[in-house]
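Here's a short report on one protein chain. Have a look at the picture first, and then we'll walk through it together.

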Amino acid sequence: MICVSVLEGYNATIFVYGQTGCGKSFTMEGIKSENAAQKGVISRAFEHIFEAISVTSGVKYLALVSYLEIYNEQIR
């Protein structure tokens with residue numbers, strides 16, 4: 001899984017591409033809800049990474065995160 005590689009020190013990218021309306025934003029962001037079934041990849045990955053960091057001792061982590069969305073040729 002990509003989260004395990006990140007915890008091992010590798011850089012990682014999730015690149016999502018596809019036709020308008022096919023569910024890219026929903027898959028990545030999910031629905032803002034407490035329901036775990038409605039969480040997207042971003043929320044799940046952050047939970048996994050920060051949970052692993054919290055139970056690890058003797059290791060320092062530096063997390064640099066970027067989120068970029070291009071929609072109608074505009075960067076958001």
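Leaving aside residues up to four places away in sequence, E69 touches S25, E29, Q74, I75 and R76. Keep in mind that this is a predicted model. You'll find E69 in the loop between α3 (41-54) and β1 (70-71). Is E69 buried or exposed? Its relative accessible area is 19%, and since buried means under 20%, E69 counts as buried.

Now hop over to another glutamate, E34, in the loop between α2 (24-29) and α3. With a relative accessibility of 77%, E34 counts as exposed, because the cut-off for exposed is over 50%. How far from Y10 is E34 in space, C-alpha to C-alpha? The two are 30 Å apart in space, with their positions 24 residues apart in sequence.

Here are the two glutamates side by side:

| Residue | Loop | Relative accessible area |
|---|---|---|
| E69 | between α3 and β1 | 19% |
| E34 | between α2 and α3 | 77% |

Time to zoom out to the whole chain. The secondary structure adds up to 3 helices and 2 strands, and going along the sequence you meet them in the pattern α-α-α-β-β. Is the chain a compact globule, or is it more spread out? The radius of gyration is 14 Å, while the globule rule gives 11 Å for 76 residues; 14 Å is well over that, so the chain is more spread out than a compact globule. If you boxed up the C-alpha atoms along the principal axes, you'd need roughly 45 × 30 × 20 Å.

Over residues 1-76, helix makes up 34% of the chain and strand 5%, and the end C-alpha atoms sit 27 Å apart. The UniProt record, an unreviewed entry, places the feature "domain: Kinesin motor" at residues 1-76 too.

What about the inside and the outside? Of the 76 residues, 11% count as buried, and E69 is one of the buried residues. The accessible surface comes to about 6,700 Å², and carbon and sulfur atoms account for 55% of that. As for contacts with a separation of 6 or more, 30% are between residues 24 or more positions apart.

Last up, charges. The chain has 6 positive and 7 negative charges, and the mean positions of these two sets are 2 Å apart.

Conventions
Residues are numbered from 1 along each chain as its sequence is written. This is a predicted model: local features need pLDDT of at least 70, side-chain atom pairs count only at pLDDT 80 or more; totals for chains, interfaces and linings use all residues. Side-chain values use heavy atoms; hydrogens and water are left out. Helices (H or I, at least four residues) and strands (E, at least two) are DSSP runs, numbered from the N terminus. The radius of gyration is taken over C-alpha atoms; the globule rule is 2.2 Å times the number of residues to the power 0.38. Buried means under 20% relative accessible area, exposed over 50%, partly exposed in between (1.4 Å probe, protein chains only). Contact means heavy atoms within 4.5 Å. Accessible areas come from the Shrake-Rupley method with a 1.4 Å probe; for residues, only the protein chains shown count as cover. Lys and Arg count as positive and Asp and Glu as negative; His and the chain ends are not counted. The place of a charge is taken as NZ of Lys, CZ of Arg, CG of Asp or CD of Glu. UniProt positions are given in the numbering used here, feature names are shortened, and annotations may be inferred rather than shown by experiment.
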